[in-house]
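Subject: The structure I promised you

Hi there,

Here is the structure I said I would pass on. Please open it alongside this email and follow along as you read.

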Amino acid sequence: MEGGPTNNLISKLGSQGTLSRFELISLIDSLDESVHQHLRRTAHRVRVSMYGNSVYVRGLIEFSNICKQNCLYCGLRSGNKQLSRYRLSLQEIIKCCDEGYRLGYRTFVLQSGEDAWYTTDRLAELIRCIKHSYPDTAVTLSIGERSDECYARLYEAGADRFLLRHETASRALYDALHPTMQFEQRRERLQALQSIGYQIGAGFMVGLPGQTSADLAQDLLYVQELQPDMIGIGPFLPHEATPLRDQPPGTVERTLDMIALARLLVPQALIPATTAMGTAHPQGRELALLAGANVVMPNLSPMSVRDKYMLYNNKICTGDESAQCRFCLERRIEAVGLYMDMGRGDSLKYLDRSGQPSAPLIP
Ligand code: SAH
Ligand code: SF4
């Protein structure tokens with residue numbers, strides 16, 4: 001049977017939840033049309049057994065595009081002098097949360113470049129304000145690398161979760177792409193966040209220039225070892241004002257494979273259907289939701305700054321109102337037979353460790 005040995009590896013992974021590094025590399029190398037469906041269906045089954053048919057929603061507020069780092073792939077890198085920079089005030093961010101709350105969101109993701117204007121004090125004040133107005137919401141930070149003390153104080157102020165992708169688990173690739181950052185330090189930061197008590201999100205890009213199957217296997221094994229609450233996986237997409245402008249983008253197929261494998265290796269994780277997937281393919285997010293993903297992150301940033309938070313070329317939803325994004329995603333989710341869950345959407349791992357019952361599954 002075509003794809004026989006590969007299908008066997010997928011079934012083994014589906015039932016045992018793990019493979020050796022060697023098996024994983026050979027599985028990644030042999031994934032083709034004949035086995036994609038089997039892999040994605042297996043991952044979808046596991047996702048349904050964990051989280052039912054619900055898709056959790058996070059309102060994303062891109063509050064500053066100012067960044068001191070210089071990651072080669074990113075449009076916000078400090079070396080990009082063509083970008084018009086902005087920073088939202090605390091009041092503007094709170095206004096976004098007000099609108100998000102009215103739209104039904106119960107998680108806000110505050111994302112930015114590494115912008116030192118937002119000191120620990122300012123961020124703590126912002127978090128306290130949001131939590132005071134909306135105690136039934138979760139606040140997620142995605143603001144890059146900070147000190148232990150800063151992370152601890154923001155947690156005390158009420159932040160619940162932190163997204164810090166490891167970007168790539170290959171040291172050589174990481175070093176080549178991050179002239180201002182260090183491989184070991186990124187991992188230490190993730191561990192620091194985890195030990196403080198945050199629900200943490202790691203993750204990686206697929207299709208980075210020079211990335212091999214062995215590198216991707218390394219990414220998957222790293223997340224299995226770290227056991228994060230969330231795993232963000234998206235295709236690398238070039239940005240015209242970066243040194244990687246002429247590199248080919250990561251493919252939708254490869255990214256879907258990685259999402260499905262991540263679901264099988266870390267079944268309890270929350271996995272977003274990323275905006276980068278929606279940019280790479282008109283139905284990219286829906287495909288991801290049927291291949292193991294179970295979270296979407298509609299944009300809640302003010303219209304005036306949307307086109308300035310340009311991580312990569314052609315980013316979608318830059319011209320849509322927040323309400324449009326919410327209802328557009330709801331339609332897309334329902335069109336593939338899933339439903340939008342407006343709760344906080346904590347990870348199963350977190351509910352386990354905090355002794356709370358998980359929500360009943362609706363098949
Ligand atoms: N500064 C923070 C958060 C903002 S960047 C941080 O770096 O953690 C958020 C994510 O966007 C990054 O983790 C990276 O994985 C992704 N990203 C940046 N440039 C990209 C590109 N060109 N293609 C795909 N994803 C990209
Ligand atoms: Fe800055 Fe994050 Fe972009 Fe790197 S990926 S340049 S840290 S915004």
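Where does ligand 1 sit? Ligand 1 is found in the largest cavity. Before you go further, keep in mind that this is a predicted model.

**The largest cavity**

The structure has 3 cavities of 30 Å³ or more, and the largest cavity holds about 1000 Å³ of space. Its lining is made of 50 residues, and Q111, S142, R165, E167 and L311 are the closest to its centre. Sorted by class, the lining of the largest cavity has 27 nonpolar, 13 polar and 10 charged residues.

If you would like to trace the walls, look for the elements that each give at least two residues to this lining: the strands β2 (59-64), β3 (107-112), β4 (138-142), β5 (161-163), β6 (199-206) and β7 (230-235), together with α11 (275-280). Which of them supplies the largest share of the lining? That is β7, with 5 residues.

**Ligand 1**

Now zoom in on ligand 1. It is surrounded by 16 residues, and the closest are Y73, S112, R165, E167 and L237. The shell around ligand 1 consists of 9 nonpolar, 4 polar and 3 charged residues.

Three polar contacts are good to find on your screen:

- An oxygen atom of ligand 1 lies 2.6 Å from an N or O atom in the side chain of E167.
- For R165, a polar side-chain atom is 3.0 Å from an oxygen atom of ligand 1.
- With Y73 the partner is in the backbone: a polar backbone atom of Y73 is 2.9 Å from a nitrogen atom of ligand 1.

How much of ligand 1 does the protein cover? On its own, ligand 1 has 550 Å² of accessible area, and the protein covers 92% of that.

**Ligand 2**

Ligand 2 takes up space in the largest cavity too. Around ligand 2 you will find C67, Q69, C71, Y73, C74, L76, R77 and G113. By class, these divide into 5 nonpolar, 2 polar and 1 charged residues. Notice that Y73 is in the list for ligand 2 and also among the closest residues to ligand 1.

**The second largest cavity**

There is one more space to visit. The second largest cavity has a volume of about 70 Å³. Its lining includes L60, E62, T275 and R285, as well as M297, P298 and N299. The lining of this cavity splits into 6 nonpolar, 2 polar and 3 charged residues.

Enjoy exploring!

Best wishes

Conventions
Residues are numbered from 1 along each chain as its sequence is written. Chains are lettered from A and ligands numbered from 1 in the order in which they are written. This is a predicted model: local features need pLDDT of at least 70, side-chain atom pairs count only at pLDDT 80 or more; totals for chains, interfaces and linings use all residues. Side-chain values use heavy atoms; hydrogens and water are left out. A residue is near a molecule or strand if one of its heavy atoms lies within 4 Å of it. A polar contact is a pair of N or O atoms within 3.5 Å; within protein, one must be able to donate a hydrogen and the other to accept it, and residues adjacent in sequence count only if both atoms are side-chain atoms. Accessible areas come from the Shrake-Rupley method with a 1.4 Å probe; for residues, only the protein chains shown count as cover. On a 1 Å grid over the protein atoms alone, a cavity is a set of points where a 1.4 Å probe fits but cannot get out, and a pocket is an open set with protein on both sides within 12 Å along at least five of seven lines; lining residues have an atom within 4 Å of a point. A molecule sits in a cavity or pocket if more than half of its atoms lie within 2 Å of its grid points. Ala, Val, Leu, Ile, Met, Phe, Trp, Tyr, Cys and Pro count as nonpolar, Asp, Glu, Lys and Arg as charged, and the others, Gly among them, as polar. Grid points are joined across faces, edges and corners, and a volume is the space filled by probe spheres set on the points. Helices (H or I, at least four residues) and strands (E, at least two) are DSSP runs, numbered from the N terminus.
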